[in-house]
Amino acid sequence: PFNHMPNSFYMDPSDPCYEICQRVIKDMTRFGVCVLNNFLGRERGLMVLQEVLDMYNTGIFSRGQLVSSPGSTDAQTIRSDLITWIDGKETKCFYIRQLISQVDNIILRANKMANNGKMGDYVINGRTKAMVACYPGSGSHYVKHVDNPNKDGRCITAIYYLNLDWDVKRCGGLLRVFPEGTNQVADIAPIFDRMLFFWSDRRNPHEVQPAYSTRYAITLWYFDAHEREVALRNYKERGQPSSSK
Ligand SMILES: COc1ccc2cc(-c3cnc(C(=O)NCC(=O)O)c(O)c3)ccc2c1
Ligand SMILES: [Mn+2]
């Protein structure tokens, strides 16, 4: 869906998306983090939640990729979320598919609306599949990390939270972002129908604090055209037997 956008791109100010895109551009430019509450509205948010619960109950979630870390004995000490990847075309993902296209819309238009057609100097031309994650409570967490520390092409992390009546004091599960260059942290509760964007690179180390209730989120990572192209080229070259031997 990324090549239907014309290059010279005009956004009609009466379009409700216009306000949201302006807000995303402003917050991402100023803070590198943007929080949008009541993103889908209660009705459609509940439909997305129901689809995620149905998926979770079919048991297709698996242990998140175990991030190895020096000295950690048990991989669980790094992170203990359960995940599944979907492209939204699966059966019974109608509302998740609508969420994904809504986020695509906003990210793409914001990227086009920003000065000289870029936001944060990126040209966004693609994304990963949607990662549906569940932190199953009982202290499940994710230690402080950077999503894209080594230029794999991902520039924006987009997370949609699904947790009704989430109270951080009782349930934990706070997302704490440690924006580079300041002692200020950004504490983001994973509350229902909340949409979060942040730069995926080293500007935003973050952690998921231990969760004591089941904590659901849907994450998309958007690619910068140039960084992704270089990353894929390097990946292919690394894969080839080096001709120098
Ligand atoms: C190669 O295979 C995989 C498969 C899944 C992977 C998932 C993550 C990941 C990264 N960040 C978060 C996070 O920060 N969540 C913040 C929040 O929920 O509020 C998270 O939940 C999950 C990282 C690497 C992966 C590699
Ligand atoms: Mn992360």
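The following exercises, each with a worked solution, concern the metal site and the salt bridges of a predicted model.

**Exercise 1. The manganese site**

Identify the protein donors of the manganese ion (ligand 2) and describe how they are spaced in sequence.

Solution.
- Step 1. The protein donors are H145 through NE2, D147 through OD and H206 through NE2. These atoms lie 2.1 to 2.2 Å from the manganese ion (ligand 2).
- Step 2. Written as a pattern along the sequence, the donor residues follow H-x1-D-x58-H.
- Step 3. H145 belongs to strand β6 (residues 140–145) and H206 to strand β11 (residues 206–211), so this pair ties together parts that are 61 residues apart in sequence.
- Step 4. Burial is then considered: H145 and H206 are both buried.

**Exercise 2. A salt bridge between a strand and a helix**

State how many salt bridges the structure holds, and then examine the one formed by R127 and D104.

Solution.
- Step 1. The structure contains nine salt bridges.
- Step 2. In one of them, the side chains of R127 and D104 meet, with an N to O distance of 2.7 Å.
- Step 3. R127 is part of strand β4 (residues 124–127), while D104 is part of helix α3 (residues 94–113); the pair therefore ties together parts that are 23 residues apart in sequence.
- Step 4. Buried means under 20% relative accessible area. D104 has a value of 6%, so D104 is buried. R127 has a relative accessibility of 22% and therefore counts as partly exposed.

**Exercise 3. A salt bridge between two strands**

Determine which elements are linked by the salt bridge of D187 and R176, and classify the exposure of both residues.

Solution.
- Step 1. In the salt bridge of D187 with R176, the closest N and O atoms are 2.6 Å apart.
- Step 2. D187 lies in strand β9 (residues 186–188) and R176 in strand β8 (residues 175–177), so parts that are 11 residues apart in sequence are tied together by the pair.
- Step 3. The relative accessible area of D187 is 40%, and D187 is partly exposed. R176, at 26% relative accessibility, also counts as partly exposed.

**Exercise 4. A further pair and a network**

Describe the salt bridge of R203 and D201, and name the residues that are joined into one network by salt bridges sharing partners.

Solution.
- Step 1. A salt bridge brings together the side chains of R203 and D201, at 3.0 Å from N to O.
- Step 2. R203 counts as partly exposed, its relative accessibility being 28%.
- Step 3. R23, K26 and D27 are joined into one network by salt bridges that share partners.

How values were computed
Residues numbered from 1 in each chain as written. Chains lettered and ligands numbered in written order. Predicted model: local features only at pLDDT ≥ 70, side-chain atom pairs only at ≥ 80, totals over all residues. Heavy atoms only, no water. Donors = N, O, S within 2.8 Å, 3.2 Å for Na, K, Ca; no water. Helix = DSSP H or I, 4+ residues; strand = E, 2+ residues; numbered from the N terminus. Buried < 20%, exposed > 50% of the residue type's maximum accessible area, 1.4 Å probe, protein only. Salt bridge = Lys/Arg side-chain N within 4 Å of Asp/Glu carboxyl O.
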